[in-house]
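Trainee: Got a minute? I'd like to walk through this model with you.
Mentor: Sure. Put it up and ask away.

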Amino acid sequence: MLIEPDLSVPGHRELFVIGDMSALTDANGTRVPGLAAAAIQQGTVAAQNILRDLRGEQRVPFRYRDRGSMATIGLHRAVAEFGHKKFSGLTATRQLSSLKRKQTRLARPQAGRPDRWK
Ligand SMILES: Cc1cc2nc3c(=O)[nH]c(=O)nc-3n(C[C@H](O)[C@H](O)[C@H](O)COP(=O)(O)OP(=O)(O)OC[C@H]3O[C@@H](n4cnc5c(N)ncnc54)[C@H](O)[C@@H]3O)c2cc1C
């Protein structure tokens with residue numbers, strides 16, 4: 001569905017459509033991709049715009065931030081792209097492994113330290 005820059009449905013400011021259901025060229029002129037990162041970023045901005053409505057403030061337009069992409073090919077190969085830099089082979093595989101290790105560490109609850117679970 002084509003949506004407005006503030007992520008609302010045309011003609012229905014009270015309805016927001018985000019993620020794969022939405023089609024948008026953002027305020028920077030970027031066609032928002034059908035990726036999880038875009039859906040998550042849109043969720044944040046939709047929530048911000050609802051809060052702005054409640055405070056009587058002006059809504060902000062959505063701008064997609066491309067933080068890069070990584071993909072695995074089989075078990076031991078990967079490709080990665082960050083901005084204009086592209087990696088493949090061992091460099092990309094090492095980056096992906098390091099990212100996975102960090103994610104595993106962050107996801108693991110610390111016994112007796114609920115404040116560190118986030
Ligand atoms: C095979 C595949 C691989 C992908 N790989 C990547 C990747 O590597 N990286 C990446 O960033 N993105 C990837 N994507 C895209 C990513 O999955 C989507 O962009 C992202 O999930 C969109 O989020 P969403 O919340 O819009 O939709 P979804 O994640 O699809 O969530 C929609 C939810 O609504 C539920 N739902 C549907 N109908 C109803 C209903 N009537 N009532 C109640 N609930 C309902 C569904 O069950 C689902 O849980 C991939 C997609 C596919 C299909």
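Trainee: Let's start in the middle of things. Which residues does A46 touch, leaving out those up to four places away in sequence?
Mentor: A46 touches L7, F16 and I18. Keep in mind that this is a predicted model.

Trainee: Noted. Which residues make up the largest nonpolar core?
Mentor: That core has eleven residues. They are I3, L7, F16, I18, L24, V32, A38, V45, A46, F62 and Y64. So A46 and its contacts L7, F16 and I18 belong to the core.

Trainee: Which element gives the largest share of this core?
Mentor: Helix α1, residues 36–55. Three core residues come from that helix.

Trainee: Is there a general pattern behind such a cluster?
Mentor: In soluble globular proteins, nonpolar side chains tend to be buried together.

Trainee: Back to L7. Where is L7 found?
Mentor: In the segment before β1, which covers 8–9.

Trainee: And is L7 buried or exposed?
Mentor: Buried. L7 has 25 other C-beta atoms within 10 Å, and the cut-off for a buried residue is 20 or more.

Trainee: What about the phi of L7?
Mentor: Phi is near 80° there. That is a positive value in a residue other than glycine.

Trainee: Let me zoom out. How many helices and strands does the protein chain have?
Mentor: Two helices and five strands. From the N terminus on, the order is β-β-α-β-β-β-α.

Trainee: What share of the chain is buried?
Mentor: Buried residues make up 15% of the 118 residues.

Trainee: And what share of the contacts joins residues at least 24 apart?
Mentor: 32%, counted among contacts between residues at least 6 apart in sequence.

Trainee: Now the sheet. In what order do its three strands sit?
Mentor: β3-β4-β5, in an open sheet with antiparallel pairing. β3 (69–73) and β5 (85–88) are the edge strands. Each has a single partner strand, so one side of each is left without a neighbour in the sheet. The twist averages 10° from one strand to the next.

Trainee: Take the β3 side. How many bridges join β3 to β4?
Mentor: Five, and these strands run antiparallel. One pair to look at is S69, whose bridge partner in β4 is E81.

Trainee: What happens at the turn in that hairpin?
Mentor: There are three residues between β3 and β4. G74 takes a positive phi near 70° in this hairpin.

Trainee: Other side, then. How many bridges join β4 to β5?
Mentor: Four. β4 spans residues 77–82, and these two strands run antiparallel as well.

Trainee: Which residue in β5 is the bridge partner of E81?
Mentor: K86. So E81 pairs with S69 of β3 and with K86 of β5.

Trainee: Any other pairs there?
Mentor: A80 has F87 in β5 as its bridge partner. F82 stands opposite K85 in β5.

Trainee: And the turn between β4 and β5?
Mentor: That hairpin has two residues between the strands. G83 takes a positive phi near 60° in this hairpin.

Trainee: Stay on F87 for a second. Why does F87 count as partly exposed?
Mentor: F87 has 18 other C-beta atoms within 10 Å. Partly exposed lies between 12 or fewer for exposed and 20 or more for buried.

Trainee: How far is F87 from M70, C-alpha to C-alpha?
Mentor: They are separated by 9.2 Å. Along the chain they are 17 residues apart.

Trainee: And V79?
Mentor: V79 is found in strand β4. With 17 C-beta neighbours inside 10 Å, V79 counts as partly exposed. The C-alpha atoms of V79 and G89 are separated by 6.9 Å, and these residues are ten apart along the chain.

Trainee: Last topic, the ligand. Which residues surround the ligand?
Mentor: G19, D20, M21, G34, L35, A36, A37 and A39.

Trainee: How does that shell divide by residue type?
Mentor: Five nonpolar, two polar and one charged.

Conventions: Residues are numbered from 1 along each chain as its sequence is written. Axes are lines fitted to C-alpha atoms, for helices over the stretch in contact, and angles run from 0 to 180 degrees between N-to-C directions. A nonpolar core is a set of buried Ala, Val, Leu, Ile, Met, Phe, Trp, Tyr and Cys residues joined through C-beta atoms within 7 Å. Two residues are in contact if their C-beta atoms, placed from the backbone, lie within 7 Å. A residue is near a molecule or strand if its C-beta atom, placed from the backbone, lies within 6 Å of it. Ala, Val, Leu, Ile, Met, Phe, Trp, Tyr, Cys and Pro count as nonpolar, Asp, Glu, Lys and Arg as charged, and the others, Gly among them, as polar.
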